[in-house]
Every structure is written in C-alpha cells, then in structure tokens.
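Student: I am new to this structure and would like a close look at one part of it. Could you walk me through it slowly?

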Amino acid sequence: MGYSDQFFRSLDVDPSSNSEIGQLSKKTGIPVPRLRYYNEGNIVPTGSDMSKIEATVGIYELDLAVRMGRLDHATTELLQEHASEILELIGHHRRHTHTPFPEDLLPVFETDHGQLYQEDCLSALKTVDSDSVDLVFADPPFNLDKLYPSKMNDNLKIEEYLKWTEAWLRECIRTLKPGGALFTWNLPVWNSQVSNFLHSRLTFKHWIAADIKYSLPIKGRLYPSHYSLLYFVKGQKPSKLEADRLPTPTCPNCFGDLKDYGGYKHKMNPEGISLTDIWTDIPPVRHAKYKKRKGANELSVKLLDRIIEMASEPGDLVLDPFGGSGTTYVVAELKGRRWWGCELGPCDIIVDRFERISEDRSHLEKIRADINHLFPPSVKRERERRGHWTPESVAHKNKPTNDSAESLALFEDGES
Ligand SMILES: C[S@@+](CC[C@H](N)C(=O)[O-])C[C@H]1O[C@@H](n2cnc3c(N)ncnc32)[C@H](O)[C@@H]1O
C-alpha cells in the first residue's frame, strides 16, 4: 500500500536514494524520519517545516499541494477560476481514458429476478442503463492485501485504490434512478476519503457505524470496532426510506429490562424501537453453517435484509458490483426484488448458493420473525411467563405515538 512518493518527487528527490533524502534533510533542517512520514502519508507539511521547504527548495505550499494531489477548497477555487485554461490542458486526457464496453456480455447465471455476470465491474457496469437502478449496495475489496479467488490486486497504492473506487462509484451513480439509494460498505479509513466524492454527486443521508470488531487490538491505536456504511441518495430525497424497528434488549438469562423505563413503558411502540445510525446487532459471518466461502469477508444476510427492506420495494432493481458469495443477490431474490450483479472471480459459489437457497430463506425468516416487535415472540412469551411487563400489559395507559417514541429515545439517552 502507501502512496507513490509524491512528496519526494515534488521536491525532485529520488525516493529510493538515502543520500538524496539525507541531503534534503541537511538543506531544510527537517529530520529524515519526518520527511519520510510526509512522503509515506502523502501529507503536506505545515508550520515551520513548510517555511523551511519554501526557503531552501523554493517550492510553495500551493505548488506542493497541487503536485501531491492534495487539493483543499481554496485551491479548488483557484482551479475553478482558471477552468478554461486548465481544461484545455487536461481535458484531452480524460476524454481518452475509457474502459472497454463488452458488446456480447452474457450472464453466467440468471433467475427470473436477476442476472450475474462474470466480469470486471468497470466494464460490466457500462452495459447497465442510466437511471434504471433503485438501490446500489457495494462491498468492495478493502485493499488489505488479501488473496481473493479472482486474484485481483488487493494492494494498490492509496491514490490508485481511491481512483479505482471513484471510477466504479461514478458508474454506479450513473445507473441510479433519481430517488435511488447508494450504500457502500468499507473501513472508515476508506469511506472517510470517498465521502467527499459522493457528496459532490449525491445527497448525504447517513454514515452508519456497524459495530463489528474487525481486527485485533494494537498498542497505540483504539480497538477498531466499526465498519462504515455510507448511505447517499440521488437527488433531493429518497424514493423509499422506511426502516425496520428493532426489539429492545433484554437480559439473556432472566428476560428482564436492561434499562429502567420508569413511567414510560406505555409510551414504547409495540413494534419496536427506531433504527439509529449505529447498528450493534449485525453478526460477523463466522459460523460454518452460515459461511458460504472460506477466507473472504462475506456479509450477513441480516445486513442486506435491513438495507434492501429500508430502501427498496418489491419489484425494484438492486445492483451490487462485487458479488463475492452472492449475499446481496440471494437476499434480493428472496425479498422479491430484481437484481443485477457481477463478480470478477469464480461464480460457482454464488450459483451453488442459489441452488440451496432454502437455507438462506429459513435464515431470513428467522431474522424477520424477531424484528418489528418490541420483544421478539420468544422473549415476549418468557416475559409473560415470568411476570415482566409487555406492551399489552401496560396498554391501558396512553397509546404510543411516533412523537412519544422520539421523546423516549431522548429519555433512553439520558437527555430528558
Ligand atoms: C468483499 S467481497 C464481497 C463479499 C460480498 N458482499 C458477500 O457478502 O459475499 C469483494 C468481491 O469483489 C470481487 N471483485 C474485486 N474486484 C472486482 C472487480 N473489479 N469487478 C468485480 N468484482 C470484483 C472480489 O473477487 C470479491 O469476491
């Protein structure tokens, strides 16, 4: 990983030459480790280090930032002011970079609801009509040097990975209908960099944090504990945004309350609590019974069920450019959505999964049986048996309203 030595190159220093880096250090008075830090993180120096570079190398912050590809809003404004001249210089390059369009693309697998293509997403997406998709979900490789069955390069230079990400996102956005939703699942380090691009073309809805520990604790870092799910829509408002409601947590042993609801019990919505932008109930797919392929990160059926339910209607078209084990496609199929997918690597796992779709169907049924109730049916039975309150037992008080559910959310956070 890492960047492509833009810092050293901008200063005309050979990144592989210790002596040239040493000379730069001597000339500027900036220690070698700090010069290497700027280079490795593609970070524009600030403060006295920048003054030293200006004074000794004669390159100014604006020049350096542009050469390093680090454009802030002030620089962007300058580029805008000189757009005609700049486009004259660079427009030619952009117009001539294109991904081939596969004329004779045939699905490797299809059902009445969807088609799967074994193809690079950048070219396969070209065959999808503009403004035709209701929901895009994407779970790309994370550039963590993982070995995928497709043998794609998962260890790109940072700017190459981001450039590639913007290229497939640009295509996905083109295919979205106005009002359509785009969700992209990634590590915070990537989604935080990609969000600026998305903000320039779509309307931001949410940064959803899915609380799943994904790496071991490392000294000097906080324990990485959430994946980022970015949620944007095309145009001003979503065609559909209707989230499932979740059960309120109870003690796994005695089925009693974990929170003191005090006099608010009768105000709780019997259909469950409102979904927030922090999801703590998405399981990692580790259990052999549910995992469809070894090694790669397969997402939970529960995650895709939630997204597809929230942002699409039956009959809508769901697109996922990174098939993997086909989680998006089977969930879309089971929920009566149309789907479109592609996968660069072998697709037999996805085909095989469809052949055994009854396993995912019963898994999905179990998931759905427990949501949109304040207490899942099995928990409610236990609560009744043990004499704990249920929505029915406190129903003689006021009827719940959405407003009261909201005030309860504040109450639960201890704000009122
Ligand atoms: C993280 S996995 C997706 C897992 C999937 N969400 C699931 O639940 O099974 C990413 C997948 O994208 C595939 N892939 C990588 N680059 C691709 C490309 N350019 N076009 C299509 N698929 C690609 C990889 O082979 C891998 O199977």
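Which residue lies over the face of Trp279, and at what distance from the ring centre?

Tutor: Happy to help! Please keep in mind that this is a predicted model, in which local features need pLDDT of at least 70 and side-chain atom pairs count only at pLDDT 80 or more, while totals for chains, interfaces and linings use all residues. Residues are numbered from 1 along each chain as its sequence is written, and side-chain values use heavy atoms, with hydrogens and water left out.

The residue you are asking about is Arg306, at 4.9 Å from the ring centre of Trp279. A charge sits over a ring if NZ of Lys or CZ of Arg is within 6 Å of the ring centre and within 35 degrees of the ring normal. Lys213 is placed in this way over the face of Tyr223, at 5.9 Å from the ring centre.

Let's stay with Arg306, since this residue also helps to line the largest cavity, together with Asp244, Leu246, Lys302, Asp305, Ile367 and Ile371. A cavity here is a set of points, on a 1 Å grid over the protein atoms alone, where a 1.4 Å probe fits but cannot get out; lining residues have an atom within 4 Å of a point. Searching the whole structure gives 1 cavity of 30 Å³ or more, and the largest cavity holds about 30 Å³ of space. That volume is the space filled by probe spheres set on the points, which are joined across faces, edges and corners.

What kinds of residue make up this lining? There are 3 nonpolar, no polar and 4 charged residues. In this scheme Ala, Val, Leu, Ile, Met, Phe, Trp, Tyr, Cys and Pro count as nonpolar, Asp, Glu, Lys and Arg as charged, and the others, Gly among them, as polar. Helix H11 (residues 301-311) gives the largest share of the lining, 3 residues. Helices (H or I, at least four residues) and strands (E, at least two) are DSSP runs, numbered from the N terminus.

For another ring contact, turn to Trp168 and Phe322, an edge-to-face aromatic pair with 5.0 Å centre to centre and 80° between the planes. Trp168 lies in helix H9 (residues 158-175) and Phe322 in the loop between strand S8 (317-320) and helix H12 (327-334), so the pair ties together parts that are 154 residues apart in sequence. Rings of Phe, Tyr and Trp (its six-membered ring) pair if their centres lie within 6.5 Å, with planes under 30 degrees apart counted as stacked, over 60 as edge-to-face and the rest as tilted.

Key
1 Å grid on protein atoms, 1.4 Å probe; cavity = no way out; pocket = protein on both sides within 12 Å on 5 of 7 lines; lining within 4 Å.
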